[in-house]
Amino acid sequence: MLRKLGMSVLFCAIVPTAMHAVTWFPLGPYGGDARSFAADPGNSKHLYMGTAIGWLYESNDGGSTWARLSRIDKRDDLVLRHILIDPRNPKHMVVGAYAVGSPDGGVYISDDAGRNWYAQAEMRRQSVRSMAQSLSNPDELVAGTLKGIYRSMDDGKHWQLISPEGSKEIHEVESLAIDPVDPKIIYAGTWHLPWKTVDGGEKWDPIKQGLIDDSDVFSIIIDPAKPSIVYASACSGIYKSVDAAAQFKKIQGIPSTARRTRRLLQDPVHPETVYAGTTEGLYRTQDGGKTFIRMTGPEIIVNDVYVDPKNPDHVLLATDRGGVLRSEDTGFSFQASNTGFSAQQVTAFASDSQNHATIYAGVANAKESGGVFRSVDGGVRWEQQSSGLGGRDVFSLASTPTGTLLAGTEHGIFRLGESGWSDSGALPPATPPASAPKKSKPGAKPKAGVRLKATPVSYVFQQGTETAKKKPGAGSKRRPAAPPPIFSNLGAAVYSLVADGGTVYAATSEGLLRGDNDGHFWTPVSSFSMSDPHFVAADKTTVMVAGLKRIDLSLDAGTTWNTVNLPEDLKQVAAIAVDEQDNLWVGGHPGVFRSTDHGQSWTMLPNLFVTDVDGIFFDAAGHRVLVASASSTITFAVSLPDYKVSYWETGWNLRFVRSIGNHLIGATMFDGMVIQPEMVVSPISAAK
């Protein structure tokens, strides 16, 4: 779909008309939460992957690349925890899902290999936490929910509760397994110990001998060749039984009793090999559980494991935040395998002012797997560029005319250099201290989290709590006095950055900062009194800053400030902008408001029909204001100076929209960036 020409990214010539536009193309950056795998029974390279945002992905090359297949129930809050495929008819698929933060979810069925889905009526609104399919009778499925255990005897078409209704014990069913020989034997793990039935659910017995009391049981597997061998994982560790769960014995080798093993998987070729996907990495045993060794770093949260039955060296991990990891050596080494898969929460965007094909995206809620991603070809390929950020969320990005890139994070401002991101110290106090600071011992390190006072001549810089520890040689050495380093308060959240020429403004949880010389030297704006500004916009000497319920305006580059009344119908500010004609723009739930008199009065453009505004941006190159809504798939542009309104049907709910070359690019709510197929718009009208 994409091809590269010089430094421009071109798309196939699809010309949308009026409100029937082609959905914008997913662009990355790649990665995010991957929750579950399933393989086509007849083709081990044909895989499906469930996500935490309702999307089902497909791979035809063993997980090297992925493509969006369908969104279950058109929702973005469904965790696709289990995917079952009929071994007799791989086009028939059943998915179990639950909603984050609510008891909602359901069972969904597809008869066309996952392209279209319908909700099974009897399981509607059920939070499905586990599923299993019988090997001896594929028509038999079981599903565990917050209410109990349900069974289908017709491949998911109908379901019946088989655990005691209203049971005070068998509920919140997190794991299920069916005996490979006798389908009447079913094992169930709950948030409070495991259970077993030998008569298809007529009677359930606790199977807790050998388990630490009150264990949450996350995964149960049965050896298909020796059904008497049962493995169970709990919050207290991994257990093994050799007598069909009459007695469990705890397996040693996974050191922390608080570690949660979310997924157990037996190698389909080597039954003595069992993988354990935990919240602190992947473990593996090759001797039936006598010894476990960790195969990855402890920072990796593993949700699911896949081993290719035709090539057991090929192992995939579905992880939190890091997406899919692939190994070709039975787990000794892993690499990211996320091409085509993007479930990132993009919160910030910037393009290089000297090379517009180089773009940056900042993400949140991804820790070490997130930070900032860079593309040098307009978004065709991405690389993570987060060294030095220490897993911080990125709330804002700004690129200055000289090419300096700044990131506003949950804790401070960072600048990108050749060796990564650097945070070089704490904000100096607004008033120099009356007395000189105490001298520190030679070679002494300042304690993390302690702000150091400044001398009237130079500043002593605080080392970052995470970044400095990872840098070779970081410690007591004082940084060079010139050029001055970036100042940042490690405790302050930096919500918004804007570059206006060589001056950068930062709206932070501790006030407004001004960065001169492309943000190389920062000072608090002492004349500014708002305590918690969230948004900042600037054009020449006009600087507009807003909190959630207040707007302050300066017409002299921040020397003096006046509080501006909010539009009457606007209860909370969600976005602001200042355009080249000195107009002010503010948006929120009611829509977009414009002021041509520095906030004395506000009006709404008569043909800009948009609510729940999430992003407003003045596109200087296009002489227009771009508007995105969190509740609509339509994005708008207001051209200047004629105020003509145009729109695009994007197919996505967008946080914000920016321009990149001759195209628009937008940030979705949970699915990374998307780009416009072709710059074709639908004009509405001109209104002044």
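**Notebook: loops, cores and rings**

**Entry 1, a proline in a loop.** I began with Pro641, which I found in the loop between β53 (634-639) and β54 (644-649). I note here that I am working from a predicted model. The peptide bond that joins Leu640 to Pro641 is cis, with omega at about 10 degrees. I then looked up Gly28 and Pro29, and the bond from the one to the other is also cis, with omega near 0 degrees; Pro29 is placed in the loop between β3 (25-28) and β4. I wrote both bonds down with the reminder that most peptide bonds are trans.

**Entry 2, the chain as a whole.** Stepping back, I recorded one helix and 58 strands for the chain. Of its 688 residues, 57% count as buried, and the accessible surface of the chain comes to about 28,800 Å², with 52% of that belonging to carbon and sulfur atoms. For the contacts between residues at least 6 apart in sequence, I noted that 46% join residues at least 24 apart.

**Entry 3, the β4-β5 hairpin.** I returned to β4, which covers residues 34-40, and checked its cover: six of its seven residues are buried. Which strand does β4 form a hairpin with? The partner is β5, and two residues lie between the two strands. β5 takes in residues 43-51, runs antiparallel to β4 and is joined to β4 by six bridges. At one place in this pairing, Ala34 stands opposite Thr51 of β5.

**Entry 4, the largest nonpolar core.** I next looked up the largest nonpolar core, which has 24 residues, and listed those that touch the most other members: Trp24, Phe37, Met49, Trp66, Val324, Phe341 and Leu654. The elements that give two or more residues to this core are β4, β5, β6 (55-59), β29 (311-319), β52 (624-629) and β55 (654-660). Apart from this core lies another one, of 19 residues, and its members include Ala577, Val625, Ile634 and Leu640. I took Val324 of the largest core for a separate look: leaving aside residues up to four places away in sequence, Val324 touches Ala34, Phe37, Met49 and Trp66, and it also touches Leu316, Leu317, Gln335, Ala336, Ser337 and Asn338.

**Entry 5, aromatic pairs.** A search of the whole structure gave me five aromatic pairs. In one of them, Phe37 and Trp66 are stacked, at 6.3 Å centre to centre and with 15 degrees between the planes. This pair links distant parts of the chain, with Phe37 in strand β4 and Trp66, 29 residues apart from it, in the loop between β6 and β7 (67-71). Are these two rings buried or exposed? Phe37 has a relative accessible area of 10% and counts as buried, because the limit for buried is under 20%; Trp66, at 5%, is therefore buried as well. I also looked up Phe528 and Trp561, which form an edge-to-face pair at 4.9 Å centre to centre, with 75 degrees between the planes. Phe528 lies in the loop between β43 (521-524) and β44 (535-539), while Trp561 lies in the loop between β46 (551-554) and β47 (562-564), so this pair ties together parts that are 33 residues apart in sequence. Phe528 and Trp561 are both buried.

**Entry 6, charges over rings.** I found Arg594 over the face of Tyr643, at 4.2 Å from the ring centre. Arg658 has its charged end over the ring of Phe617, 4.0 Å from the centre of that ring.

**Entry 7, an open sheet.** I followed an open sheet of four strands in the order β32-β33-β34-β35, with antiparallel pairing. β32 (345-352) and β35 (383-384) are the edge strands, each of which pairs on one side only. Between β32 and β33 (residues 355-364) I noted seven bridges, and in β33 the bridge partner of Ser351 is Ile359.

**Entry 8, positive phi.** Lastly I checked residues with unusual backbone angles, keeping in mind that most residues other than glycine have a negative phi. Arg125, not a glycine, has a positive phi of about 70 degrees; it sits in the loop between β11 (118-119) and β12 (128-133). Arg125 counts as exposed because its relative accessibility is 57%, and the limit is over 50%. Ala244 likewise has a positive phi, of about 60 degrees, and lies in the loop between β22 (237-241) and β23 (249-251). With a relative accessible area of 22%, Ala244 is partly exposed.

How values were computed
Residues are numbered from 1 along each chain as its sequence is written. This is a predicted model: local features need pLDDT of at least 70, side-chain atom pairs count only at pLDDT 80 or more; totals for chains, interfaces and linings use all residues. Side-chain values use heavy atoms; hydrogens and water are left out. Buried means under 20% relative accessible area, exposed over 50%, partly exposed in between (1.4 Å probe, protein chains only). Two strands pair if DSSP finds at least two bridges between them. Contact means heavy atoms within 4.5 Å. Accessible areas come from the Shrake-Rupley method with a 1.4 Å probe; for residues, only the protein chains shown count as cover. A nonpolar core is a set of buried Ala, Val, Leu, Ile, Met, Phe, Trp, Tyr and Cys residues joined through side-chain atoms within 4.5 Å. Rings of Phe, Tyr and Trp (its six-membered ring) pair if their centres lie within 6.5 Å; planes under 30 degrees apart count as stacked, over 60 as edge-to-face and the rest as tilted. A charge sits over a ring if NZ of Lys or CZ of Arg is within 6 Å of the ring centre and within 35 degrees of the ring normal.
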